[in-house]
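Work through the exercises below with the model open beside you. Try each task before you read its solution.

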Amino acid sequence: MRKRILTLLAAVSMTFTTAFTAGAPVYGQTVKKTVKTGKKTKLSAKQKKAASDRKAADRVQALIDKIYVQNETKTTDADCRKARLEWDKLTKAQKKLVDDYDYFGRDTGDAACDNPLNWNHIGKNEILVVSFGTSFNDSREKDIGGVERALSDAYSSKGWSIRRAFTSQIIINHINARDNEKIDNVDKALSRAVSNGVKNLVIQPTHLMHGKEYDELKAEVETYADKFDHIIFSEPLLGEVGTDSSSVNADKEKVAKAVTADAVRTAGFASLDESAKAGTAFVFMGHGTSHQANITYDQMQTQMKELGYKNVFIGTVEGKPADTACKEVINKVKAAGYSKVVLRPLMVVAGDHANNDMAGSDKDSWKSQFANAFGKKNISTQIAGLGRIPEIESIYKDHLDAALAAEKGFSVNAATGSSISVLSSQVLATKRGLKDGSYKVDFTTDLPSMFYMNTAYKKAKLTVKNGKMTAFVPLASTGIDKLYVGSVSGAKKSGAKYCKRKTVTVKDSDGKKSKVYAFYIPVKQLGKEFTVSIHGKKSGKWYAHQVKISR
């Protein structure tokens, strides 16, 4: 909200200047007296339009301010919808007048690529992946989504449902308003787990360290202690904090190696030594915190030193601890004799801090400050979070394994059983008493705002023949032209068999007819999530989603 603050300061400055000018005349200035006539000044058409545009923009800004809050209220969803609706009514010129233009106006990628993991029918065993969150769609899908997918690959076959929660309501509201994607906050995710009968709950934070946010998360989850048989907390990325700046551990070493290797490779060097010989330093920018855990950043610098990474430096946006402030890091890089710098976030997600505080164009961004010190041509940025690096994702999996193994009277195997085993469609149809014939079923997806059954149909049609089940599902439009049961990689393979498609005509509530695509989807198990990949007709891209067909 830097723009909002600057606008306010400019307004104050203008008021001060006006007040000063209105007083005693400045030397050499001709004083003009204004005579009040009692008549109202008539505005020109241009002035009227300018005033109208400003009023429309201010109305949208006020709606943004209303949802730019950390506390959710009963009207939050409605307020988010209203803010977007009013934004859409603005002309291009009016949108430019909105102080927080980037709130709706900045393109951060396709939200449809992201999976909010917020639906019901969870089962008895849940892994809740908790993140601060980001409104940058591409980063959310690659960084947070990367961790979530890695845990899903490791645990979904063992009977665990992977779910998401964000701790920042400000970010949740932003995504809701702009993209109509609803992400659970922690309280909503926990309430969802309770109402769905979850017995064994594992909390996997994507936080970097045992800082303030981790402490607050633990306190909030503990209020639900009597609602579950087991609540198990897994470690944040860098593990235990340690006592002083020299305290390092295996997690910090793995993270240091992984992020450095990825940064060196992305910068086009064969090795870190090669980059050092070329006079290039790597600066990893963390967030920083006043919490006692801020010593973690100094520990990461110690870890780099112990690994022999002489041209790698750790800094923080907040400058906490003090030796990680931008100016301090610039001095360290200069003293070490490097003339070129690669900036990259030391954050799980490459969100607002990475895009604005690090790589932004404002004069106080790290990119600008380093450019002033070393020259613009000598500074480059890498906007990539830790969550998209496979080696980092493996650390979270290892933490989960350790957390489950350490819980007394509980194990992964104890949580699995016949209730979550995958049955063949023929066996399942027999067990459910589904004889050959047709049945009405529900079709639900993990992205109900964009990928859903046509509202002209209340139910989908399930056909059972020789024990095999097939659902006929008409979609909202012709926007999705291909559907594949399985992953995106499978859908892209040569010879992949897509679901049979049929064009049907539907009527809306006003009786208007339109043509939509419907698909025949094979069903192995009712009431069980499975992956489908859909192809966007306009974008030409494949997207993976979770769907469920149930009676």
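**Exercises on rings, strands and helices**

At 17% relative accessibility, Tyr 484 counts as buried. The model used throughout is predicted.

**Exercise 1. Classify the ring pair of Tyr 484 and Tyr 498, and place both residues.**

Solution.
- Step 1: Apply the burial cut-off. Buried means under 20% relative accessible area, and Tyr 484 has 17%.
- Step 2: Do likewise for Tyr 498. Its relative accessibility is 35%, so Tyr 498 is partly exposed.
- Step 3: Take the geometry. The ring centres of Tyr 484 and Tyr 498 are 6.3 Å apart and the planes stand at 85 degrees, so the pair is edge-to-face.
- Step 4: Locate the partners. Tyr 484 belongs to strand 12 (residues 480-485), while Tyr 498 sits in the loop between helix 19 (488-492) and strand 13 (500-507). They are 14 residues apart, and the pair links distant parts of the chain.

**Exercise 2. Classify the pair of Phe 370 and Phe 374.**

Solution.
- Step 1: Start from the whole structure. A search finds 11 aromatic pairs.
- Step 2: Take the geometry. The centres of the Phe 370 and Phe 374 rings lie 6.0 Å apart with planes at 15 degrees, so this pair is stacked.
- Step 3: Look at the sequence. Both lie in helix 15 (residues 366-374), four residues apart, which means about one helical turn separates Phe 370 from Phe 374.
- Step 4: Check burial. Phe 370 and Phe 374 are both buried.

**Exercise 3. Work out the strand order of the open sheet with four strands.**

Solution.
- Step 1: Pair strand 1 (residues 125-131). Six bridges join strand 1 to strand 2 (residues 161-166), and six bridges join strand 1 to strand 3 (residues 200-205). Both pairings are parallel.
- Step 2: Find residue partners. Ser 131 has Phe 166 in strand 2 as its bridge partner, and Val 130 stands opposite Pro 205 in strand 3.
- Step 3: Extend the sheet. Strand 3 and strand 4 run parallel and share four bridges. Here Val 202 faces Ile 232 in strand 4.
- Step 4: Read off the order. It is 2-1-3-4. Strand 2 and strand 4 (230-233) are the edge strands, each paired on one side only.
- Step 5: Add the twist. Neighbouring strands are turned by 20 degrees against each other on average, direction ignored.

**Exercise 4. Decide whether strand 1 is enclosed or open to the outside.**

Solution.
- Step 1: Recall a rule. In a regular strand the side chains alternate between the two faces of the sheet.
- Step 2: Sort the residues. Asn 125, Ile 127, Val 129 and Ser 131 point one way from strand 1, and Glu 126, Leu 128 and Val 130 point the other way.
- Step 3: Check burial. Seven of the seven residues are buried, so strand 1 is largely enclosed by the rest of the structure.
- Step 4: Look at a covering helix. Helix 6 lies across strand 1, strand 2 and strand 3, at about 150 degrees to strand 2.

**Exercise 5. Which side of helix 9 is buried, and what does it pack against?**

Solution.
- Step 1: List the buried residues. In helix 9 (residues 212-222) they are Tyr 214, Leu 217 and Val 221.
- Step 2: Compare directions. These residues cover an arc of only 60 degrees around the axis, so they share the same side of helix 9.
- Step 3: Name the partners. The buried residues of helix 9 pack against strand 1, helix 8 (186-195), strand 3 and strand 4.

Key: Residues are numbered from 1 along each chain as its sequence is written. This is a predicted model: local features need pLDDT of at least 70, side-chain atom pairs count only at pLDDT 80 or more; totals for chains, interfaces and linings use all residues. Side-chain values use heavy atoms; hydrogens and water are left out. Buried means under 20% relative accessible area, exposed over 50%, partly exposed in between (1.4 Å probe, protein chains only). Helices (H or I, at least four residues) and strands (E, at least two) are DSSP runs, numbered from the N terminus. Two strands pair if DSSP finds at least two bridges between them. Axes are lines fitted to C-alpha atoms, for helices over the stretch in contact, and angles run from 0 to 180 degrees between N-to-C directions. Contact means heavy atoms within 4.5 Å. The arc is that of the directions from the helix axis to the C-beta atoms. Rings of Phe, Tyr and Trp (its six-membered ring) pair if their centres lie within 6.5 Å; planes under 30 degrees apart count as stacked, over 60 as edge-to-face and the rest as tilted.
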